[in-house]
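Grab a coffee and open the viewer. Here are some short exercises, each with a solution worked out step by step.

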Amino acid sequence: MEQARRELETIRRKTSRPINVNFFCHQQARADPAREMNWRRRLEAYYVEMGLNDNTVVLNSNRSPFDDKMCDLVLEFHPEVVSFHFGLPDRTLLARVRRTGAKIISSATSVDEARWLEDQGCDAIVAQGYEAGGHRGMFLTQDVSTQVGTMALVPQVVDAVRVPVIAAGGIADARGILAAFALGAAAVQIGTAYLYCPEAQISPLYRQAVQDTKDNETAITNVFTGRPARGIVNRLVREVGPMSDVAPEFPLAAAAVAPLRAKSEMAGSADFTQLWSGQAARLSRKLPAEELTKQLAAETLEKLRFIETMASPDLLAQAAALATVSGSVFG
Ligand SMILES: Cc1cc2nc3c(=O)[nH]c(=O)nc-3n(C[C@H](O)[C@H](O)[C@H](O)COP(=O)(O)O)c2cc1C
């Protein structure tokens, strides 16, 4: 909490512009010693291989959901936008956030989730497609096999809700941004592309992995935290996942993986490290965050202007004629 406070102080000191603070609002997992022991046993061979033993301290993960203390921070710093992942906090907490005047946003991975968020009073909704890096914001289902891709999700969410929709998942350049606007999105949320920026506070191992990864080298996995998230396929994902029935609930799965991660990272390996990344990592560019953002905006505007120029009445007539011809040829 103290770290969050220090970071918010720094951000407020450095800018007078509006800020967005993001929180996880999962249900607090109940400790389940039997399940955690099973998980530890599932990883036993790796412990042996790495010379870790039963005395290895396995710390409980302390990733706690949005609570009264975090809400106090919101009251203290008044972020203009407060966004949530995994649904929304309970009514009392949400009402406290709303009273600060902050705009409230959360992620939906289906039309049902988007409608639910709108009914609870969200001011905007992130439509998070299957391509997205990091944890899936899914909260009305646990079934990853039916999760929807960005191309299909965004227009269906746009049709279903009245609030602005922010497209997320697999967008990393001006083509993706333009496509999202064409699907009806009011804005885009880009995650993976910013991992290439020097400002991203990620380890050299992670940076290298994300720079090397290809379109078909990520998967949705629960082996790192207990909740489905998209990351680069490494040894743990390949051999234990990508989805494991043994993994304890979020965030408890992380505890038994932590010593493996620490030991293998010391040896220069990312075999047990969570390497969150979306499917479009290869479209990213190594630029400072500000420059990347400005380039993406400029390139999108340029493409929009080009389309406007192309869409002269003459060209539209030609396109219509072409459509008729191809319709008669293929129809
Ligand atoms: C490394 C990483 C960390 C993320 N952490 C969060 C988070 O803490 N909260 C959140 O709402 N979304 C988080 N996301 C998801 C993004 O907000 C967004 O939905 C996603 O990155 C969009 O897809 P893309 O990665 O293909 O750009 C994260 C994504 C990545 C890649």
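Which polar side-chain atom lies 2.7 Å from a nitrogen atom of the ligand, that is, to which residue does this atom belong? It belongs to Asn22.

Before going on, a word on the ground rules. This is a predicted model, so local features need pLDDT of at least 70 and side-chain atom pairs count only at pLDDT 80 or more, while totals for chains, interfaces and linings use all residues. Residues are numbered from 1 along each chain as its sequence is written, and side-chain values use heavy atoms, with hydrogens and water left out.

**Exercise 1. Map the surroundings of the ligand.**

Step 1. Start with the residues around the ligand, meaning those with a heavy atom within 4 Å of it. There are 17, of which Asn22, Gly170, Gln189, Gly191 and Thr192 come nearest.

Step 2. Look at the polar pairs. A polar contact is a pair of N or O atoms within 3.5 Å; within protein, one must be able to donate a hydrogen and the other to accept it, and residues adjacent in sequence count only if both atoms are side-chain atoms. The side chain of His85 has an N or O atom 3.1 Å from an oxygen atom of the ligand. Thr192 puts a polar side-chain atom 2.5 Å from a ligand oxygen atom.

Step 3. Check the cover. On its own the ligand has 600 Å² of accessible area (Shrake-Rupley method, 1.4 Å probe), and the protein covers 82% of that.

**Exercise 2. Work out which way helix 5 faces.**

Step 1. Find the element: helix 5 spans residues 91–99. Helices (H or I, at least four residues) and strands (E, at least two) are DSSP runs, numbered from the N terminus.

Step 2. Sort its residues by relative accessible area: buried is under 20%, exposed over 50%, and partly exposed in between (1.4 Å probe, protein chains only). Leu93, Leu94 and Val97 are the buried ones. Viewed down the helix axis, these buried residues fall within an arc of 100 degrees, so they line one face; the arc is taken from the directions from the axis to the C-beta atoms. Arg91, Thr92 and Arg99 are exposed on the other side.

Step 3. Ask what the buried residues pack against. The partners are helix 4 (68–77), strand 2 (81–85) and strand 3 (103–108), with contact meaning heavy atoms within 4.5 Å.

Step 4. Inspect the ends. At the start of helix 5, a side-chain oxygen of Asp90 comes within 3.1 Å of the backbone nitrogen of Thr92. Just after the helix, Gly101 has a positive phi of about 90 degrees.

**Exercise 3. Trace the sheet and the loop at Thr225.**

Step 1. Lay out the strands. Three of them form an open, antiparallel sheet in the order 5-9-8. Strand 5 (134–135) and strand 8 are the edges, each pairing on one side only; pairing takes at least two DSSP bridges.

Step 2. Zoom in on strand 8. It is joined to strand 9 by 4 bridges, and Ala219 stands opposite Gly231 in strand 9. Both faces of strand 8 are covered, with Thr218 and Ile220 buried on one side and Ala219 and Thr221 buried on the other.

Step 3. Move into the loop between strand 8 (218–221) and strand 9 (229–232), where Thr225 is found. Thr225 is buried, at 6% relative accessible area. Its side chain makes a polar contact of 2.9 Å with the side chain of His135, and a polar side-chain atom of Thr225 lies 3.2 Å from the backbone nitrogen of Arg227. Beyond four places in sequence, Thr225 also touches other residues, including Phe250, Pro251 and Trp276.

**Exercise 4. Spot the unusual backbone.**

Step 1. Recall the background: most residues other than glycine have a negative phi, and most peptide bonds are trans.

Step 2. Find the cis bonds. One joins Gly241 and Pro242, with omega about 0 degrees. Another joins Phe250 and Pro251, again with omega about 0 degrees. Pro242 sits in the loop between helix 10 (235–240) and helix 11 (253–266), and Pro251 is in the loop between helix 10 and helix 11.

Step 3. Find positive phi outside glycine. His78, in the loop between helix 4 and strand 2, has a phi of about 45 degrees and is partly exposed at 40%. Phe86, in the loop between strand 2 and helix 5, has a phi near 80 degrees and is buried at 4%.
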